[in-house]
Structure formats: structure tokens, C-alpha cells
Amino acid sequence: MTFAWKASGLTYNKYLSVAARVVRRSLKDDKRLAAERRGEMELRFAKWNNGKQGDNKSVADANAASMAEAGTQSS
């Protein structure tokens with residue numbers, strides 16, 4: 001017997017993410033807003049060179065910048 005999420009090709013983490021989003025959206029407005037704020041993630045990274053840490057950057061900002069750069073290079 002396989003699980004429905006596995007049979008549909010989802011990873012367990014993706015399944016949990018989708019389920020959490022569905023639960024958050026089903027809540028009443030006041031509780032929904034608080035739950036949505038808890039669900040947001042702010043990932044940051046830093047590039048290290050020669051044992052020295054570079055600037056901390058947001059993953060979302062870096063991803064958006066790389067996508068914009070890739071779009072300008074392909075045009």
C-alpha cells in the first residue's frame with residue numbers, strides 16, 4: 001500500500017507544505033493572518049572565501065536577481 005502523496009509524485013516535505021497551506025487558508029481571518037505569518041520563512045546565506053564570511057543575503061532576493069539576470073542573458 002502506498003501513500004497518496006507518494007503515489008502522486010510528491011515528496012513528504014512538499015506534501016506537508018501543501019497540507020499546512022490548506023489548513024492556514026481554511027481558518028477564520030484573525031487566526032489565518034497569524035498562522036500565515038508563522039508560515040513565512042526567511043532564509044539567508046553567506047558565501048565564504050578563504051575562511052572569511054561574506055555578506056548575508058536573502059535566498060528569495062538572490063533567487064529573484066539570478067532569474068532576472070538569466071532572463072536578460074537569454075534575450
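In which helix do Arg32 and Asp29 both lie, and how many residues apart are they? The tour returns to this pair after a view of the whole chain.

**The whole protein**

Please display the entire model, which is a predicted one. It contains four helices and two strands, and along the sequence these elements follow the pattern α-α-α-β-β-α. The radius of gyration is 18 Å, well over the 11 Å that the globule rule gives for 75 residues, so the protein is more spread out than a compact globule. Along the principal axes, the C-alpha atoms fill a box of roughly 45 × 35 × 35 Å. Buried residues account for 5% of the 75 residues. Among contacts between residues at least 6 apart in sequence, 0% join residues at least 24 apart. The accessible surface comes to about 6,900 Å², and 54% of this area belongs to carbon and sulfur atoms.

**First selection: Leu10, Tyr12, Tyr15 and Leu16**

Select these four residues and show their surface; together they make a nonpolar patch of about 350 Å². Leu10 is found in the loop between α1 (4–7) and α2 (12–26). Its relative accessible area is 33%, so Leu10 is partly exposed.

**Second selection: Asp29 and Arg32**

Now move to helix α3 (residues 29–39), which answers the opening question: both residues lie in this helix, three residues apart, about one turn of the helix. Side chains of opposite charge can pair when their charged atoms come close. Here the side chains of Arg32 and Asp29 meet in a salt bridge, with 3.0 Å from N to O. The count for the model comes to one salt bridge. Asp29 has a relative accessible area of 51%, and since exposed means over 50%, this residue is exposed.

**Third selection: Ser58**

Continue to strand β2 (residues 52–58), where Ser58 lies. Is Ser58 buried or exposed? Its relative accessible area is 7%, so Ser58 is buried. To see what surrounds this residue, select Glu42, Leu43, Arg44 and Phe45: Ser58 is in contact with these four, leaving aside its neighbours within four places in sequence.

**Fourth selection: Ala60 and Glu42**

Finally, select Ala60, which belongs to helix α4 (residues 59–74). Ala60 is exposed, with a relative accessible area of 53%, whereas Ser58 is buried. Add Glu42, one of the contacts of Ser58, and draw a line between the C-alpha atoms of Ala60 and Glu42. These residues are 18 apart in sequence, and their C-alpha atoms are 8.0 Å apart in space.

Terms used. Residues numbered from 1 in each chain as written. Predicted model: local features only at pLDDT ≥ 70, side-chain atom pairs only at ≥ 80, totals over all residues. Heavy atoms only, no water. Buried < 20%, exposed > 50% of the residue type's maximum accessible area, 1.4 Å probe, protein only. Contact = heavy atoms within 4.5 Å. Patch = residues over 30% accessible without salt bridge, like charges linked within 9 Å, V, L, I, M, F, W, Y side chains within 5 Å. Areas by Shrake-Rupley, 256 points an atom, 1.4 Å probe, with all protein chains shown as cover. Rg over C-alpha atoms; globule rule 2.2 N^0.38 Å.
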